[in-house]
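Please open the model in your viewer and display the side chains as sticks. The tour below proceeds by selection, one site at a time.

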Amino acid sequence: MTQTDPIRSSRTRLTVLQMVPELEEGGVECEAVEMGTHLARHGHRSMVASQGGRMVAELKKEGSTHVRYRFMGEKSPRCLWYIFPLRRLLIEKPVNVLHLRSRVPAWVGYLAWLSLPRRRRPALITTFHGFYSVNAYSAIMSRGERVIAVSETIKHHILSHYRTPEARIAVIYGGYDDRRFDPRRVGHERIQALRSAWGIRGNDTPVIFFPGRITRLKGHALFIQSLARIRHRRWVAVCAGDLKENPGLATELKTMTDAAGLSERIRFAGYCADMPAAVLAATIVVSASIKPESFGRIAVEAAAMGRPVVASAHG
């Protein structure tokens, strides 16, 4: 945020409601928490609606309010039950800015917003965080009064596939929290605790770090195949991501690792709560997505911590 940012300079106390499916892990969720923190620190009322998750505690600690809608992360008609409770919330607070960050909650939020008289509607913002499949369902992300694209390539995607006037699109790059991702703020004990948890002995073992959700898009299989080609070198690889999110794929990746003879060298560490320390515990960070990333948050986080990044040559 710059010094001229209206959120920072506004003398009016705004109430901003962000909507995401859940608050477990991932770039969209991190941005929602970080934006909530920024708003609260500058005297605004920050609210986030989701079906919950492990990041709710951090959200509340940093001054935001969480509104739980149990089925908000499901691609199911029952999430439409929340239209009227949400409509009441928009009126009662009242909400000044409604920020929709994902398709399921965006439909709920948009329909609640549309049901209000024009004079009572908050400002409506949508953020295109990814290359959503091009169809009527995804088109909801282009319905904002202002549409945020997280990179120039996402802006091009919107203009190529939807009838959104270019004047309504603002490119606001994804970023990182410079209060967290600052190597001067990470103590040696945090780094050593993670290396110990990963089963890495000594400080001279090169660590190849692969953070990412357990989805095929992130390229775990490509990562394992690539490591097999450098098996003659000395290294340990750590994959950080919640294995419970996709247990079928997690089992498949472990089987692949065993078949490659790398089960003693590749660790599947699960969810990592201390990403700044994890990046500093690594020698090199990898982003192996098999399709273009809309932004690629891990690359800038690693760069901010002074670690080199190897990334897929697209996006």
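The stops that follow concern aromatic rings, charges placed over rings, and a nonpolar surface patch in this predicted model.

**Stop 1: a ring pair.** A pair of aromatic rings is described by the distance of the centres and the angle of the planes. The count of aromatic pairs here comes to seven. To examine one pair, select F128 and Y162: the ring centres lie 5.9 Å apart and the planes stand at 55°, so the pair is tilted, given that stacked pairs need planes under 30 degrees apart and edge-to-face pairs over 60. Now colour by secondary structure. F128 belongs to strand β5 (residues 123-128), whereas Y162 is in the loop between α6 (152-161) and β7 (169-171); the pair therefore ties together parts that are 34 residues apart in sequence. Both F128 and Y162 are buried.

**Stop 2: a cluster and a charge.** Next, select Y69, F71 and Y82, which ring pairs link into a cluster. Keep F71 in view and add R78: the charged end of R78 sits over the ring of F71, 3.8 Å from its centre.

**Stop 3: another charge over a ring.** Move to W113 and R121. Here the charged end of R121 sits over the ring of W113, at 4.8 Å from the ring centre.

**Stop 4: the surface.** Finally, switch to a surface representation and select L80, L111 and L114. These residues make a nonpolar surface patch of about 220 Å². Among them, L80 is found in the loop between β3 (65-68) and α4 (83-92). Is L80 buried or exposed? L80 is partly exposed, its relative accessible area being 40%.

How values were computed: Residues numbered from 1 in each chain as written. Predicted model: local features only at pLDDT ≥ 70, side-chain atom pairs only at ≥ 80, totals over all residues. Heavy atoms only, no water. Phe/Tyr/Trp six-rings, centres within 6.5 Å; stacked < 30°, edge-to-face > 60°. Helix = DSSP H or I, 4+ residues; strand = E, 2+ residues; numbered from the N terminus. Buried < 20%, exposed > 50% of the residue type's maximum accessible area, 1.4 Å probe, protein only. Lys NZ or Arg CZ within 6 Å of the ring centre and 35° of its normal. Patch = residues over 30% accessible without salt bridge, like charges linked within 9 Å, V, L, I, M, F, W, Y side chains within 5 Å. Areas by Shrake-Rupley, 256 points an atom, 1.4 Å probe, with all protein chains shown as cover. Salt bridge = Lys/Arg side-chain N within 4 Å of Asp/Glu carboxyl O.
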